[in-house]
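Here's a quick tour of the model shown below. Have the viewer open and follow along.

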Amino acid sequence: MEIIIPTRRVTYNKGQLGRWKSGNRDDCIDAYCKKLQGSRGFAEYIAGSFYETLGYSWIHHDFNLLGGNKLGKYPETEAVLRKHFGDSRYESGREYYPAFSRYVKVEEPDLLIYKPDYSEIRFVECKRNDTNDKLRESQIRGLAILKLLFQCTIEVVEIIEESKNQSREEQPIVWKF
């Protein structure tokens, strides 16, 4: 079986990074992301802001679809996922983590991206080029499981400073198991 994970490149400028590091985050819509220190959360903010321009909303970190957290821990996200999947499908997916977590390490991606009418959701893993952040196998597994179990759109977004954006073509990630 082969899973193809599309990649997308989103750029930022030095001014955006400087504002983020200095704590100027008034335009960040995600409460969790906004409170992170230093440059943490910057990649997720840049990717989330990109998706906002396409008409999506986004949530960083505060979600769990595979069942690693207790129901009710993230009520806003739980409502989004229930409205998109329905109660039964949402709750059955949450059985994955308790059943397999001791055998296989899986990480859920950084962002839940969704249309405000809940007609579409996608999951995104963000990787900052300037920090040499690399995709781990457990993150690829998480994306693959979300695609296979829930038929969700998944992506990896590479966050790169605009002056370093090379014209190399974006390559999808191919994972075979």
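## Fold at a glance

Helices and strands here are DSSP runs, counted from the N terminus, with at least four residues for a helix and at least two for a strand. Read that way, the chain goes β-β-α-α-α-β-α-α-α-β-β-α-β-β, which comes to seven helices and seven strands. The radius of gyration is 16 Å, close to the 16 Å that the globule rule gives for 177 residues, so the protein is as compact as a globular protein of that length. Keep in mind that this is a predicted model.

Along the principal axes, the C-alpha atoms fit a box of roughly 45 × 35 × 30 Å. Of the 177 residues, 45% are buried. Take the contacts with a sequence separation of 6 or more: 71% of them join residues 24 or more positions apart.

## Surface and charge

The protein exposes about 9500 Å², and carbon and sulfur atoms supply 47% of that. On the charge side, there are 28 positive and 27 negative side chains, and the centres of the two sets lie 4 Å apart.

## Helix α4 and its cover

Which residues of α4 are buried? In this helix, residues 75-85, they are Thr77, Glu78, Val80, Leu81, Arg82 and Phe85. So the buried list mixes in a Glu and an Arg, namely Glu78 and Arg82. The spacing is worth a thought: an α-helix has 3.6 residues a turn, so residues three or four places apart point the same way.

What covers those buried residues? The cover includes three strands, β3 (57-60), β4 (111-114) and β5 (121-128), along with the helices α5 (87-93) and α7 (137-150). Right after α4 comes Gly86, with a positive phi near 90°.

## Aromatic pairs

A search of the whole structure turns up nine aromatic pairs. Take Phe42 and Tyr45: their ring centres are 6.3 Å apart and their planes sit at 40°, so this pair is tilted. Both belong to helix α3 (residues 42-53), and because they are three residues apart there, about one helical turn separates them. Phe42 and Tyr45 are both buried, and ring pairs link them with Tyr12 and Trp20 into a cluster.

Phe63 and Phe123 also make a tilted pair, since their ring centres are 5.7 Å apart and their planes are at 45°. Phe63 is in the loop between β3 and α4 while Phe123 is in strand β5, so the pair ties together parts that are 60 residues apart in sequence. Phe63 and Phe123 are both buried.

## Two residues in β3

Ile59 lies in strand β3 and counts as buried because its relative accessibility is 5%, where the cut-off is under 20%. Leaving aside residues up to four places away in sequence, Ile59 touches Asp30, Glu76, Thr77, Asp110, Leu111, Leu112 and Tyr114. Thr77 is one of the buried residues of α4. For scale, the C-alpha atoms of Ile59 and Glu107 are 16 Å apart, with their positions 48 residues apart along the chain.

His60 is in strand β3 too, and at 7% relative accessibility it counts as buried. Its contacts, again without residues up to four places away, are Asp30, Tyr32, Cys33, Leu36, Glu44, Asp110 and Leu111. Asp30, Asp110 and Leu111 are among the residues touched by Ile59 and also among those touched by His60. Far along the chain from His60 is Met1, 59 residues away, and their C-alpha atoms are separated by 29 Å.

Conventions
Residues numbered from 1 in each chain as written. Predicted model: local features only at pLDDT ≥ 70, side-chain atom pairs only at ≥ 80, totals over all residues. Heavy atoms only, no water. Rg over C-alpha atoms; globule rule 2.2 N^0.38 Å. Buried < 20%, exposed > 50% of the residue type's maximum accessible area, 1.4 Å probe, protein only. Contact = heavy atoms within 4.5 Å. Areas by Shrake-Rupley, 256 points an atom, 1.4 Å probe, with all protein chains shown as cover. Lys, Arg positive; Asp, Glu negative; His and termini not counted. Charge placed at Lys NZ, Arg CZ, Asp CG, Glu CD. Phe/Tyr/Trp six-rings, centres within 6.5 Å; stacked < 30°, edge-to-face > 60°.
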